[in-house]
Every structure is written in C-alpha cells, then in structure tokens.
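Please look through the sequence and the model shown here, and keep both in view while reading the short report that follows.

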Amino acid sequence: MTTHHPDLSTLMSYSAGSLADAIATVVAAHLSVCSHCRQQVQEAELIGISLLEELEPAPMSDRAKDDILALLDDTEQAPVNSRQEQNIPDDADVPAPFRPLLGYYLDDLHWRYMAPGLKQFVLPASGSSNLRLLKIAPGTCMPSHGHTGSELTMVLRGSYSDELGRFCAGDVADLDPDVQHQPVADTGEDCICLIATDAPLRFNGLVPRLLQPFFQL
Ligand SMILES: [Zn+2]
C-alpha cells in the first residue's frame with residue numbers, strides 16, 4: 001500500500017519521455033508496483049496523443065521514414081525479456097525493471113561500505129545523473145542535505161522518516177531542489193532505497209561535505 005507517489009508533473013514528464021534516464025528508471029520501478037500511478041501515466045499519454053493529433057502534419061523526408069521503419073524493426077525483437085520474466089521467484093525483491101541487470105534479490109548484491117550503518121550499490125547512469133541503492137542500518141541518521149537538482153527516492157525495503165513524513169516500501173519521495181531533509185531509517189530492519197539524482201547533493205555539515213567526493217554523492 002503506497003501513500004507517497006511521484007508528483008503529477010514527474011509522471012507527465014515520464015510519459016513524454018523527457019526525464020533524465022536515472023529519474024525515469026525510479027519512476028518505472030514505482031509504476032511496477034503502483035496501479036494508481038500507472039493509470040495517471042496512461043491518462044497523460046492519452047492527453048499527449050490528442051495533442052499530437054491536433055498538430056498540422058508536416059512532410060517527412062525518405063531518410064526519416066527509413067530511420068523510423070528501422071527503429072520499429074529493432075523494437076519487434078524485444079520479447080526475449082518476457083520469456084525470462086515467466087520464471088520470477090515469488091520472493092524476488094529487486095524491482096522488475098532492474099532484474100535483467102541485478103537479478104532477483106537485493107541481498108545478493110555486492111554492497112560497498114560507505115560509512116557506519118551505510119552501504120551502497122552504484123548503478124550505471126548517463127550524464128550528470130546518479131543512480132544508486134542505499135542500505136541504511138536501523139536507526140541510522142543520514143546527513144542533513146539539500147539538492148542542486150531533483151532527487152527521486154523509492155523505498156524497496158524497511159522504512160525511513162524525515163521532515164516530509166514516513167516512507168515505506170513502494171513509497172516515492174519526489175524532491176525539488178529547495179527541499180532540505182534529514183532521513184532517519186526506522187528501527188527494526190535495514191532500509192533499502194533506490195535513489196536517482198540529476199545533480200550532486202548539497203550537504204549542510206562540514207564533515208559530510210568533506211567526505212562527499214569519496215561517497216560520489
Ligand atoms: Zn504511485
């Protein structure tokens with residue numbers, strides 16, 4: 001049961017394909033567990049299509065036509081994944097869009113130590129974006145920080161609380177650059193989050209600022 005969802009503007013940008021790759025993959029992970037947001041994206045897509053239908057058609061060069069047909073040919077070869085997806089273990093806890101890359105279980109990942117109570121697993125991301133999994137030990141307090149860009153976080157296991165509320169598995173925190181927060185993992189179990197940022201974080205304390213280059217945050 002998710003209570004925190006991405007902003008409507010984020011879902012609209014997702015349906016228009018205009019989000020940074022890292023942010024879009026977190027949205028995709030949330031959509032794989034949230035029918036409410038899938039519905040919103042579907043509606044946004046319908047709005048996009050009706051807008052397209054109102055545009056005056058423009059002539060297309062033969063070269064552009066060939067490119068589009070080649071792209072469609074490539075897309076038709078995609079269903080390999082759906083065959084793999086048929087053998088999904090019931091207790092798989094890696095979000096569906098990441099399974100081809102990470103496998104099925106978060107516990108099987110090669111977690112790297114960052115600081116006491118904090119481990120990370122860095123995922124490939126393009127441009128200035130950052131995509132990572134954080135594993136936060138129960139009760140661990142993250143350094144207070146702001147953002148120079150957007151941050152989209154999805155909780156995969158456990159829960160954390162900050163100035164904005166309590167976030168449990170499936171919830172998404174969709175943070176604007178002006179939000180300052182200090183997440184604290186709830187007690188009981190590790191909190192594992194999937195986090196995408198499209199610009200470096202802005203730490204308030206001196207020590208986190210000094211350590212930032214080593215954490216690659
Ligand atoms: Zn949702």
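## A buried cysteine

In this predicted model, C37 has a relative accessibility of 0%, and because buried means under 20%, C37 counts as buried. H5, by contrast, has a relative accessibility of 25% and therefore counts as partly exposed.

## The zinc site

Both of these residues take part in binding the zinc ion, which is coordinated by H5 through ND1, by H30 through NE2, and by C34 and C37 through their SG atoms, at 2.0 to 2.3 Å. The angles among the four donor atoms run from 101 to 116°, and the site of the zinc ion is tetrahedral.

Along the chain, the donors of the zinc ion follow the spacing H-x24-H-x3-C-x2-C. H5 lies in the segment before α1 (8–16), whereas C37 belongs to helix α3 (residues 35–54), so this pair ties together parts that are 32 residues apart in sequence.

## How α1 and α3 pack

The helices α1 and α3 pack with their axes 9 Å apart, at an angle of about 55°. Because of that angle, α1 counts as oblique to α3, and the crossing in which α1 passes α3 is right-handed.

On the α1 side, the residues that meet α3 are L8, L11, M12, Y14 and S15, while their partners in α3 are C37, Q40, V41, A44 and E45. C37 thus appears in two settings, as a donor to the zinc ion through its SG atom and as one of the α3 residues that meet α1.

Technical notes: Residues numbered from 1 in each chain as written. Predicted model: local features only at pLDDT ≥ 70, side-chain atom pairs only at ≥ 80, totals over all residues. Heavy atoms only, no water. Donors = N, O, S within 2.8 Å, 3.2 Å for Na, K, Ca; no water. Tetrahedral: all angles 85-135°; square planar, octahedral: opposite > 155°, others 65-115°. Helix = DSSP H or I, 4+ residues; strand = E, 2+ residues; numbered from the N terminus. Buried < 20%, exposed > 50% of the residue type's maximum accessible area, 1.4 Å probe, protein only. Axes fitted to C-alpha atoms, helices over the stretch in contact; angles between N-to-C directions. Parallel < 35°, antiparallel > 145°, perpendicular 65-115°, else oblique. Left-handed = near helix turned anticlockwise from the far one by under 90°. Contact = heavy atoms within 4.5 Å.
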